[in-house]
Amino acid sequence: MEVSKLKKLQKMEEAYAAFLPHLEAFSRELEQFQEAYQEYAQLREYYGSEDWWSLSEELSEDYKCGVLSQDRLYNLIQDHDELIADLLELSHRMYRNR
């Protein structure tokens with residue numbers, strides 16, 4: 001076999017060995033993310049609801065509760081939306097390269 005073909009074969013073996021653990025880890029994380037996603041849906045529904053406003057006005061500033069912080073839940077929602085954009089871009093690239 002030609003040296004160039006052997007080098008190409010070795011490079012492809014290395015690419016496989018490098019990619020496989022990421023694919024497996026992503027698949028596991030995606031499964032866990034899907035199982036936990038209902039938690040996000042509940043938080044998203046709660047944020048800005050009548051109950052949320054009522055509690056945020058009732059509790060003193062000394063009471064520490066992250067889900068009543070406008071910034072904390074807003075940032076979570078923004079992070080979620082950025083993840084959607086990243087996943088859409090990745091899925092488009094993945095689909096084109098199948």
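Me: How much area does the protein expose, and what share of it do carbon and sulfur atoms supply?

Reply: In this predicted model, the protein exposes about 8,900 Å², and 54% of that area is supplied by carbon and sulfur atoms.

Me: How do you know what share of the residues is buried?

Reply: A residue counts as buried when its relative accessible area is under 20%. Of the 98 residues in the protein, 7% are buried.

Me: What makes the protein unlike a compact globule of 98 residues?

Reply: A compact globule of that length would have a radius of gyration near 13 Å, whereas the protein has 22 Å. The box filled by its C-alpha atoms, taken along the principal axes, is roughly 75 × 25 × 20 Å.

Me: Why is the pattern of the protein written with the letter α alone?

Reply: The protein holds 3 helices and 0 strands. Read along the sequence, the pattern is therefore α-α-α.

Me: How do you know how far helix H1 carries the chain between valine 3 and arginine 44?

Reply: Helix H1 covers residues 3–46, and arginine 44 has its place in that helix. Valine 3 and arginine 44 are 41 residues apart in sequence, and their C-alpha atoms are 57 Å apart in space.

Me: Why is arginine 44 called partly exposed?

Reply: Arginine 44 has a relative accessible area of 40%. The term covers values between 20% and 50%, so arginine 44 is partly exposed.

Me: Which residues make up the nonpolar patch on the surface?

Reply: Phe26, Leu30, Phe33, Tyr37, Leu83 and Leu87 form this patch, with about 480 Å² of accessible area together. Helices H1 and H3 each give two or more residues to the patch, and the largest share, 4 residues, comes from H1.

Me: Why can tyrosine 37 belong to a patch and yet be called partly exposed?

Reply: Tyrosine 37, in helix H1, has a relative accessible area of 33%. A patch residue needs over 30%, while partly exposed means between 20% and 50%. Tyrosine 37 therefore satisfies both cut-offs.

Me: What makes the contact between glutamate 89 and arginine 93 a salt bridge?

Reply: The closest N and O atoms of glutamate 89 and arginine 93 are 3.9 Å apart. The limit is 4 Å, so the pair qualifies as a salt bridge. The structure holds 1 salt bridge. Both residues lie in helix H3, 4 residues apart, about one turn of the helix. Arginine 93 has a relative accessible area of 40% and is therefore partly exposed.

Me: Which residues form the negative surface patch, and what makes their charge negative?

Reply: The patch is formed by Asp79, Asp81, Glu82 and Asp86. Asp and Glu count as negative, so the patch is negative. Aspartate 79, one of these residues, lies in helix H3, which covers residues 70–96. Aspartate 79 has a relative accessible area of 47%, under the 50% limit for exposed, and is therefore partly exposed.

Me: How do you know how far apart the positive and negative charges lie on average?

Reply: The protein has 11 positive and 21 negative charges, and the mean positions of these two groups are 18 Å apart.

Key:
Residues are numbered from 1 along each chain as its sequence is written. This is a predicted model: local features need pLDDT of at least 70, side-chain atom pairs count only at pLDDT 80 or more; totals for chains, interfaces and linings use all residues. Side-chain values use heavy atoms; hydrogens and water are left out. Patches are made of residues with over 30% relative accessible area and no salt bridge: like charges are joined within 9 Å, nonpolar side chains (Val, Leu, Ile, Met, Phe, Trp, Tyr) within 5 Å. Accessible areas come from the Shrake-Rupley method with a 1.4 Å probe; for residues, only the protein chains shown count as cover. A salt bridge is a side-chain nitrogen of Lys or Arg within 4 Å of a carboxyl oxygen of Asp or Glu. The place of a charge is taken as NZ of Lys, CZ of Arg, CG of Asp or CD of Glu. Buried means under 20% relative accessible area, exposed over 50%, partly exposed in between (1.4 Å probe, protein chains only). The radius of gyration is taken over C-alpha atoms; the globule rule is 2.2 Å times the number of residues to the power 0.38.
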